[in-house]
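Let's take a friendly walk through this model and look at how its parts meet. Keep the structure open beside you as you read.

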Number of protein chains: 2
Amino acid sequence: MASVAVIGAGAVGSYYGARLAQAGHDVRFLLRRDYDAVAERGLRVESHHGDFALDHPTIVRDPAEIGPVDWVLCGLKTTSFDDAPVLIRPCLGPETRVLAIVNGLGIEERLADALDTERIFGGLAFTCINRGEPGVVHHYEYGQVSIAHLGDDPTELALALDLWRDATVEFSTASSVLRARWEKLCWNVPFNGLTVAAGAVTTEAIVTDPALRAEARALMEEVVAAGNADLASRNRPERIDGNEVITRMFALTDVMGPYRPSTLIDFVEGRAIEVDAIFAEPARRARVLGVPTPRLDQLTALLARLDPARE
Amino acid sequence: MASVAVIGAGAVGSYYGARLAQAGHDVRFLLRRDYDAVAERGLRVESHHGDFALDHPTIVRDPAEIGPVDWVLCGLKTTSFDDAPVLIRPCLGPETRVLAIVNGLGIEERLADALDTERIFGGLAFTCINRGEPGVVHHYEYGQVSIAHLGDDPTELALALDLWRDATVEFSTASSVLRARWEKLCWNVPFNGLTVAAGAVTTEAIVTDPALRAEARALMEEVVAAGNADLASRNRPERIDGNEVITRMFALTDVMGPYRPSTLIDFVEGRAIEVDAIFAEPARRARVLGVPTPRLDQLTALLARLDPARE
């Protein structure tokens, strides 16, 4: 049994933390907005794999109450990533590992720099999870997570996989964190981006509109080209198989129904949207690498302006 | 003195029609929404060149009441261009000329086909005009119109210029209707498009945001490339001077203040936006010509979805 701190218990952090608790781990949730609701009624997960609840989860308002743990599960949005070090540090011991189930590019590097450790993992979650009323998480579809390690160390990856062995979650390991991050962007860039920019519509509106579907595909092609240039520039031998990834992303999304990606929910609820990690940072890397990404550039500029938290 | 029918007396049609009436021409306005207001209070123009009013303009509800005239001034939006033939035809005699002060591509050809005449002119208005309360037009800035002829006939152009000789409007002639149309799109594509897609903002928000300004420039470059390929494919010797046009468009827009292009006003007021003539048709021509226009394509797909009149 491992001790686990969930820092950033939004929809994703709460869901995967609850799955670890369900599997018997000692999970401690840092809560802010939902503290009172969860203290009163517990944490409920309404999942297409079957509903379940943690009636009396360990919850705290201050990470100092959690103390050093085996694993930190970080579910913070990148828009509050500046808070990550101060929230995570009280939970770190000499052996603590940090798994960030967070979208975007440069996540592991930022955490490694801020926390001064190499025991950093990225979790690429392909899942449809939204927050419900306080203390309730809705899990509609999918749920698989691919875990990558900052240094692509197979021994570390085996340890990470072991944590999730008894959890009702389909986990796999990715041999290349950089490739895994870019592949995930092949979904996030078109679907998190176009659903907002097309006027707050669902993924279904994108895949069923021929022109927007073509734009989603073209955005994916830009991401693949930039990602492969990024891999090549770091002398990595692995590449993104664009055809395979694009086909898979559409196949998964075509059966998703009217799903609202996290960025769309943040947008319609007036919260900061993850422009930098999902859009601007990949666009910057592409520019440095000399890969033209005209669609990504335009989308990034539009989203930066549409961002409710724009200064 | 010429007889003139104004068909499509929105902001632009009303303004230029009023300028012709002010210069002494016999101008007859086809009105629908504003008929009662103008019958009661006349037509007022609040202009930065000085306010003026037509107290008792000739107004009708049915173009048959206008009858054949020397000139038809067409100010219809392209979104109601299907109505143009039936509205204009009652005003046509054997010598009637039609001037369409309308944005977009393919305007003259559509009118020539529908009306079976070659006496068709395009008016490229560079002006900031918005409708006010019924019967009132606000003219904020600029006002110059470049007139082009369907067949680029200099004799015809001289006749058109003559109509406007005594009007308080800066008119000039364009030797190439095709080049003039594409040059006008260098303004309309970025500014009519991005002001809508960036979340209903003014032109000032585009030119003062470095990322959006860069996107506006990049869109202009796509339009220039497509326009020059279009000219070349028709064996026309003239070309768009991209640097000159782009510099001029920004210079004009930088001093425009928080202007709302017509497409933005249509959008925020829930009316159909001119997606086809301003965005989709240029994108289609570029595709046929093999000119990549990724930004225009994405913007077109977003606007088609954002169009309040989307089916």
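Across the interface of chain B and chain A in this predicted model, three residue pairs are in polar contact, with both partners at pLDDT 80 or more. Three helices of chain B, namely α6 (177-197), α8 (210-233) and α12 (294-306), each bring at least two residues to the side that touches chain A. Of these, α12(B) gives the largest share, nine residues. Sorted by class, that side of chain B has 13 nonpolar, two polar and five charged residues.

How many residues of each chain take part? For chain B, 20 residues are in contact with 20 residues of chain A. Together the two chains bury about 1800 Å², and carbon and sulfur atoms give 63% of that area. If you want to find the main contributors on the chain B side, look for B:Q298, B:L302 and B:R305: they supply 35% of the area that chain B buries against chain A, more than any other three residues.

Charged side chains also pair up here, with two salt bridges counted between chain B and chain A. In one of them, the side chains of A:R295 and B:D297 meet at 3.5 Å, N to O.

**How the two chains are related**

A turn of 180 degrees with a shift of 0.0 Å along the axis lays chain B on chain A with an RMSD of 0.0 Å. That is the relation of a two-fold axis. Which residue of chain B comes closest to the rotation axis? Its C-alpha distance of 2.8 Å puts B:R295 in that place. The copies meet through the same surface, because 100% of the interface residues of chain B are also interface residues in chain A.

**Two domains within chain A**

Now let's turn to a meeting of parts inside one chain. Chain A is divided into domain 1 (3-174) and domain 2 (178-306), and the C-alpha centres of these two domains lie 24 Å apart. Where they touch, 26 residues of domain 1 are in contact with 28 residues of domain 2. The domains bury about 2200 Å² between them, 56% of it on carbon and sulfur atoms. On the domain 1 side, A:N103, A:L105 and A:F126 supply 32% of the area buried against domain 2, more than any other three residues.

The polar side of this boundary includes twelve residue pairs in polar contact, both at pLDDT 80 or more. The elements giving two or more residues to the domain 1 side are α4 (107-115), β8 (120-131) and β9 (136-149) of chain A. Strand β8(A) provides the largest share, nine residues. By class, the domain 1 side has twelve nonpolar, nine polar and five charged residues.

Salt bridges appear here too: three are counted between domain 1 and domain 2 of chain A. One salt bridge of chain A joins A:R181 to A:E108, whose closest N and O atoms are 2.7 Å apart.

**Salt bridges to look up**

Side chains of opposite charge can pair when their charged atoms come close. Over all chains, the structure holds 50 salt bridges. Another pair in chain A is A:R119 with A:E95, at 3.8 Å from N to O. A:R119 lies in the loop between α4 and β8 of chain A, and A:E95 lies in the loop between α3 (84-88) and β7 (97-100), so the pair ties together parts that are 24 residues apart in sequence.

Here are the named pairs, ready for you to find in the viewer:

| Salt bridge | N to O distance |
|---|---|
| A:R181 and A:E108 | 2.7 Å |
| A:R295 and B:D297 | 3.5 Å |
| A:R119 and A:E95 | 3.8 Å |

Terms used: Residues numbered from 1 in each chain as written. Chains lettered and ligands numbered in written order. Predicted model: local features only at pLDDT ≥ 70, side-chain atom pairs only at ≥ 80, totals over all residues. Heavy atoms only, no water. Domains from an automatic or database assignment. Contact = heavy atoms within 4.5 Å. Buried area = accessible area lost by both parts, 1.4 Å probe. Salt bridge = Lys/Arg side-chain N within 4 Å of Asp/Glu carboxyl O. Polar contact = N/O pair within 3.5 Å; in protein donor to acceptor, adjacent residues only side chain to side chain. Helix = DSSP H or I, 4+ residues; strand = E, 2+ residues; numbered from the N terminus. Nonpolar A, V, L, I, M, F, W, Y, C, P; charged D, E, K, R; others polar. Least-squares fit on C-alpha atoms with pLDDT ≥ 70 in both.
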